[in-house]
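Opening the notebook on a new model today. I plan to go through the ligand sites and then a handful of odd spots.

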Amino acid sequence: MTMTTFSKNKLGKILSTPESTLLKVLGVRAGKDFIMKVTQPFGGPVIIEIDNRKIAISQVVANEILVAEC
Amino acid sequence: MSCHEINKRIDPNSKYKILLMGNPNVGKSVVFSKYTGIEAITANYPGTTVSYSVGNIVHENEQASLIDVPGTYSLEVTSEAEDIAKEMLNSGADSIIAVLDATNLERNLNLAFEILEYNIPTVFLLNMVDVAERKGIMIDAKKLSELLGAPVIPGVAVLGRGLNRLLDNAYKIINKEQPRHIELSQDEKWEKAKKIANIVQTKEDVSQDRKKNFWEKIDNLTVSPWPGLPIAIATMIGAMGLIVGGGKALRAVLLLPLFNNYYVPFMEGLVGRFVSPGLLYNILVGELGFLIKGVEWPIALVLPYVFFFYIVLSFLEDSGFLPRLGILVDGVMQKIGLQGGSIIPIFLGYGCAVPAILGTRAATSEKERKIISTIVPLCVPCVSQLGALVVLLGDHSFMLVLAVLAISFLVMFIAGRVLDKVLPGKVNPIILEVPNLLQPNMTALFRKVRMRLKHFILEAELPMILAIGFASLMFETGALIRFGEIISPLVVNWLGLPQEASIVLILGIVRRELAVLPLLDMGLGIRQLLVGGVVAMFYMPCVAVFGVLAKEFNFRFALKIALLTTVVALFIGGIIHQVFNLFALIGVA
Ligand SMILES: Nc1nc2c(ncn2[C@@H]2O[C@H](COP(=O)(O)OP(=O)(O)OP(=O)(O)O)[C@@H](O)[C@H]2O)c(=O)[nH]1
Ligand SMILES: [Mg+2]
């Protein structure tokens, strides 16, 4: 399942991400847990929480992030 | 890279060089300001500091140069600002103060390991422990220090807590033998960061805690469209109301009476004593006298709005509201080839285009930099110009101000779309860290407003007086009339403005508000006000902006922007006038 289709307020685990330094350093890496917060309208980003910090990720990118429910 | 800016040179008297490093938005610039007394701009979003600055500190009678380095998530470079950070590190230092964010330890540790690999003596500031505490995060600094093999000092930079001990340590470790740090692969660093964070950090559940302050309570609400979007809109309307209302009140109640009742008679009396009525008298204190207008325009008219604008801007910066706004509008920004994070430099542009253009260094693509650096000089009025526009148009009707702003948004939208099509490359989609929503520290906010006001007065006053002096010379000698006659097809026929309005096309090059203010005393009708306002809004960036464009990109790019803004200003202004004419014709027929 991709991150964009993950349901709101659920705890998930990241399986794989596209190659991106910025994602990695922000903690969006395979094996990390996250909480899906909300998806912004008009094709805006998804907001997830990792390590107590909120991160906005474009849907284009989030579509390439594979995740699973915890 | 240019090194002509101030605060960049290392004082040769300094014995040591100390780098201040860390992730973006962890409080480095706050520490820098506290130590050096230099007021570095601080704000609650990543990418505030995009170029390094140098300050002096003296501790135990030894002077050191402290360097505020732009924040980096890692030393793998993703933006120009991070590139600068890496360069600084490669050029070496006597010691490093690395700032860690206690609310986000694991991620911060990754950079910590990368820094330690340089084997430069390093001391850590575990900052923001106040915020961490409220979030229920406790960190054992002693344990962390053992595991890192370097001193770790817990502290709260905005309150100055821990900073003395930190500086002590930063000096003490210089020239000390360092434990050699073995190089780890990137994955090993993540693993180690996780392990260490788990050991030193304890977390208690504070979700039910009533001690949470207002900001922590609304933190979550502000990132969802509902109620985040209404909150954002209400905030923006409130901000505009405060600027326009507060500015007008300050102007009417305090500054204008002071100016008209005390300053003007005083100056006229003073000059009258030494100069007899005539050309010189008029240039000094006449209709366009620069001792009069040079004070009335920047101080009595524009400054009140600038003052309230800076309060609002500083508040939005320090609370962490701006990146949240970026997230909410990302969908719209994509339509003009940008991404939500671009809202921050654009917003800064309403203060001044110079920091806005410099701020694009934090952008991750050249295309994004160029789009922002084009639309800011073109359709974002700077605060002085905004103040001038409110004076010119708002005194007639506030609707006029809104109309000019609406036109500017429309042009911004069109320009963004066109640039997105014609510029090569691609803008990276949004990946943005949302900082904690923080209650702005009032002392810090007050100091920031004061520093910005000081800059405004220093920067505005001299060019203003020179420009007005030049204008009054042209006015009094009749040169202005001749110039007006030459370009009257443009100004009178095409734009429908009086001939003397041609002066704004000259003065507007010096400072943007001077494209507006001379129109004040020309008794313009409502349509002329709209045309004049629109022309001024889009017209040329000031010389300072031209300079920064030439430096950040190249001279050709700056020239292109100057040409584009002039053409767009005259074109749109003219179209508006001609449309009014057409309506008038039909009305007559
Ligand atoms: N509550 C609290 N706020 C802090 C503390 N230290 C810094 N801040 C705030 O955190 C925000 C970021 O501080 P800056 O000094 O601009 O951060 P920086 O590390 O220079 O950031 P960049 O220049 O973007 O890399 C500002 O709004 C500060 O007022 C602290 O100890 N406690
Ligand atoms: Mg900074």
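These are my notes in the order I looked things up.

**Entry 1, ligand 1.** This is a predicted model, so I keep that in mind throughout. I began with the surroundings of ligand 1 and found 25 residues around it, with K28(B), S29(B), G47(B), T48(B) and T49(B) coming nearest. I then sorted the shell by type and got twelve nonpolar residues, ten polar and three charged.

Next I went through polar contacts to the oxygen atoms of ligand 1. A backbone N or O atom of N25(B) sits 3.0 Å from one oxygen atom of the ligand. For A43(B), a polar backbone atom is 3.0 Å from an oxygen atom of ligand 1. N127(B) uses its side chain instead: an N or O atom there is 3.0 Å from a ligand oxygen. I also checked how covered the ligand is: on its own ligand 1 exposes 660 Å², and the protein buries 95% of that. I noted that helix 1 (28-36) and helix 4 (129-134) of chain B are the elements that give two or more residues to the shell. Helix 1 of chain B has the largest share, three residues.

**Entry 2, the magnesium ion.** Which protein atoms serve as donors of the magnesium ion (ligand 2)? I found OG of S29(B) and OG1 of T49(B), lying 1.9 to 2.0 Å from the ion. The pair links distant parts of the chain, 20 residues apart: S29(B) belongs to helix 1 of chain B, and T49(B) to the loop between helix 1 and strand 2 (53-59) of chain B. Are these donors buried or exposed? S29(B) is buried, at 8% relative accessible area, and T49(B) also counts as buried, at 15%.

**Entry 3, helix 5 of chain B.** I looked at the two sides of this helix, residues 141-148. A141(B), L144(B) and L148(B) are buried. They lie on the same side of helix 5 of chain B, because they cover an arc of only 60° around the axis. K142(B) and E146(B), on the other side of the helix, are exposed.

**Entry 4, two buried residues.** S65(B) is in strand 3 (residues 62-68) of chain B. Its relative accessible area is 0%, so I log S65(B) as buried. I looked for a partner and found S14(B), whose side chain makes a polar contact of 2.8 Å with the side chain of S65(B).

L517(B) is in a loop of chain B, between helix 21 (503-507) and helix 22 (526-538). Loop or not, L517(B) counts as buried, at 0% relative accessibility. I also took its C-alpha distance to D420(B): 34 Å in space, with the two positions 97 residues apart in sequence.

**Entry 5, backbone oddities.** A cis peptide bond joins W226(B) and P227(B), with omega at about 5°. P227(B) lies in helix 9 (residues 225-274) of chain B.

Over in chain A, I picked up positive phi values at two asparagines. N9(A) has phi near 60° and sits in the segment before strand 1 (11-16) of chain A. At 54% relative accessibility, N9(A) counts as exposed. N52(A) has phi near 65° and is in the loop between strand 3 (46-50) and strand 4 (53-57) of chain A. This residue, N52(A), counts as partly exposed, at 28% relative accessibility.

Key
Residues are numbered from 1 along each chain as its sequence is written. Chains are lettered from A and ligands numbered from 1 in the order in which they are written. This is a predicted model: local features need pLDDT of at least 70, side-chain atom pairs count only at pLDDT 80 or more; totals for chains, interfaces and linings use all residues. Side-chain values use heavy atoms; hydrogens and water are left out. A residue is near a molecule or strand if one of its heavy atoms lies within 4 Å of it. A polar contact is a pair of N or O atoms within 3.5 Å; within protein, one must be able to donate a hydrogen and the other to accept it, and residues adjacent in sequence count only if both atoms are side-chain atoms. Accessible areas come from the Shrake-Rupley method with a 1.4 Å probe; for residues, only the protein chains shown count as cover. Ala, Val, Leu, Ile, Met, Phe, Trp, Tyr, Cys and Pro count as nonpolar, Asp, Glu, Lys and Arg as charged, and the others, Gly among them, as polar. Donors are N, O and S atoms within 2.8 Å of the metal (3.2 Å for Na, K and Ca); water is not among the atoms, so sites may look incomplete. Buried means under 20% relative accessible area, exposed over 50%, partly exposed in between (1.4 Å probe, protein chains only). The arc is that of the directions from the helix axis to the C-beta atoms.
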